[in-house]
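Me: Please take a close look at one part of the structure shown here, and then explain how this part relates to the rest. I would be grateful for a single connected account that a beginner can follow.

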Amino acid sequence: MDKGTAARLDDRLERSALGDQFAFEEIVRQHQGMVFSMACHFLRDRSLAEELAQEVFLNLHQNLRSIKSPEHLVFWLRKVTSHRCIDQSRRLKVRPQVSLEDVPEPAIDATENDLFLSEMLRRVVDTLPEKARLVVILRYQEDLDPGEIASVLDMPLNTVKSHLRRSLSSLRDKLSRTLGEVTL
Amino acid sequence: MSRLDDELRKAFRREQPSVDFTTRLLERVSQQPAPKAPWWHRLATLLDPPKLRWVAIGVTASLLLAIGAAQYSRLHQVVINDDGKVSQATPPPEGGNKNLVSPDQINAPRGVLSPKPPQNKRVVYPSPNHRVALARQQQEREFRVEGEAAKEKLMLALSIASAALNDAQKAVHDDGLNP
């Protein structure tokens, strides 16, 4: 991030904290994709994800004064979204607990349809435990390294690494059994 | 980087919420009570560059007013006569007031003084404590005069009551002697 952009983001944060609604709107528009996608990938329900994202931004509006920098803002949003995703999942039990073995087999060849493969991957990730699922989402949606994931989720680094390793191994197993000859 | 990583990145790429997401959020934000800024934050905003100028101007104006008021009260001297009455004196005009003297004149050698201060007056440069003491003395004097008057009235009332009692006692005594 160049100095001009950083200064503009700082200014936007400061104005939002002082009650400037336009500055807050810009912040929301900039980060809504990240917050909504995390919730959507975790909950697998667009309307629930939108509701959760709204709650996160309302919470942000109440806590704008505690945000110190644009980097802190992104960190704060990821952390709060992660915690709210887990809370939501536990409270509503929206996601039926499907075991990895029960994921339906694909009906067509995945190599012919990338969208189908993506959906297959999302379904398989959906069978992972909550924390492991968040680790995968933060790793592949937000492109965070294990250290950053550990700090967002308040988890030891080794736990994050082991979650990633086990999740990828499970995914490989499942997909190679499902897709057969396709090497992943 | 394996193909699985690539596929996971594709599967978990960011998506956007519905188009009215921001509008709905801002509506909800406007319905919420505005978060109240802590006092140190409000104080800090006063020290922001554009506001700081006005704060500095305000502080300077207040200081000038305070200094001016102090100077004005110093120039208004209080003169106490020998009979205890307090009178205010204004600073001498250009030509000079012959009844008042300045501190320089008091401290100067006798030959230099012109004109001489009147003998029955002394000049006092008042301080707030001094003024309070003078006012208190004046009040005590008035109380004393009122007290004397009240005492005289009381003595008169007592003597009248005493005479009436004597008459009554005498009448009772006379009735006892002549049944």
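Reply: The starting point is A:Ala39, which is in contact with A:Ala49, A:Leu52, A:Ala53, A:Thr81 and A:Cys85, once neighbours within four places in sequence are left aside. The model is predicted, and the confidence values that come with it are discussed at the end.

The contacts of A:Ala39 lead to a wider group of residues. The largest nonpolar core contains 42 residues, and those with the most contacts inside it are A:Ala39, A:Ala53 and A:Ile137. Two or more residues of this core come from each of H2, H3, helix H4 (70-92), H5, H6, H7 and H8 of chain A, and also from helix H1 (3-11) of chain B. The greatest contribution to this core is made by H2(A), with 10 residues. The core also takes at least three residues from each of domain 1 (1-95) and domain 2 (99-184) of chain A.

One of the contributors to the core, H3(A), can be examined in greater detail. H3(A) consists of 17 residues and extends 24 Å from its first C-alpha to its last, close to the 24 Å expected at 1.5 Å a residue. The residues of H3(A) that are buried are A:Ala49, A:Glu50, A:Leu52, A:Ala53, A:Gln54, A:Val56, A:Phe57, A:Leu60 and A:His61. A general rule is useful when reading such a list: an α-helix has 3.6 residues a turn, so residues three or four places apart point the same way. Among the buried residues of H3(A) are A:Ala49, A:Leu52 and A:Ala53, and these three also appear among the contacts of A:Ala39.

A second view is offered by A:Leu153, a residue of helix H7 of chain A. A:Leu153 counts as buried because it has 20 C-beta neighbours inside 10 Å, and 20 or more are required for that class. Apart from neighbours within four places in sequence, A:Leu153 is in contact with A:Ser82, A:Lys131 and A:Leu134. A:Leu153 also illustrates how positions that are separated along the chain may be brought together in space: A:Leu153 and A:Lys79 are 74 residues apart in sequence, yet their C-alpha atoms are 6.5 Å apart.

A:Glu130, located in helix H6 of chain A, provides a contrast. A:Glu130 is partly exposed, because 14 other C-beta atoms lie within 10 Å. When residues up to four places away in sequence are not counted, A:Glu130 touches A:Ile86 and A:Ser89. The C-alpha atoms of A:Glu130 and A:Ser82 are separated by 9.8 Å, and the two residues are 48 apart along the chain.

These residues belong to a chain built from helices. Chain A has eight helices and zero strands. Of its 184 residues, 32% count as buried. Among contacts in chain A with a separation of 6 or more, 61% are between residues 24 or more positions apart.

Chain B is organised in another way, with six helices and three strands. Along the sequence, its elements follow the pattern α-α-α-α-β-β-α-β-α. Of the 179 residues of chain B, 4% count as buried. For chain B, 45% of the contacts between residues at least 6 apart in sequence join residues at least 24 apart.

The two chains also meet: 33 residues of chain A are in contact with 26 residues of chain B. On the side of chain A that touches chain B, two or more residues come from each of helix H2 (21-43), helix H3 (46-62), helix H5 (114-126), helix H6 (130-140) and helix H8 (157-179) of chain A. H2(A) gives the most to this side, with 11 residues. The residues on this side comprise 14 nonpolar, 12 polar and seven charged.

Finally, the confidence of the prediction should be considered. The mean pLDDT of chain A is 83, and 82% of its residues reach 70 or more. For chain B the mean pLDDT is 75, and 65% of its residues reach 70 or more. Within chain A, confidence is highest in helix H7 (residues 146-153), at a mean of 94, and lowest in helix H1 (residues 3-17), at 75. In chain B, pLDDT stays under 50 over residues 110-114, for which the model has two contacts beyond four places in sequence. For the complex, the predictor gives an ipTM of 0.78 and a pTM of 0.55.

Note on methods
Residues numbered from 1 in each chain as written. Chains lettered and ligands numbered in written order. Predicted model: local features only at pLDDT ≥ 70, side-chain atom pairs only at ≥ 80, totals over all residues. pLDDT = per-residue confidence, 0-100. Helix = DSSP H or I, 4+ residues; strand = E, 2+ residues; numbered from the N terminus. Buried ≥ 20, exposed ≤ 12 C-beta atoms within 10 Å, placed from the backbone. Contact = placed C-beta atoms within 7 Å. Nonpolar A, V, L, I, M, F, W, Y, C, P; charged D, E, K, R; others polar. Expected span 1.5 Å × (residues − 1). Core = buried A, V, L, I, M, F, W, Y, C linked by C-beta atoms within 7 Å. Domains from an automatic or database assignment.
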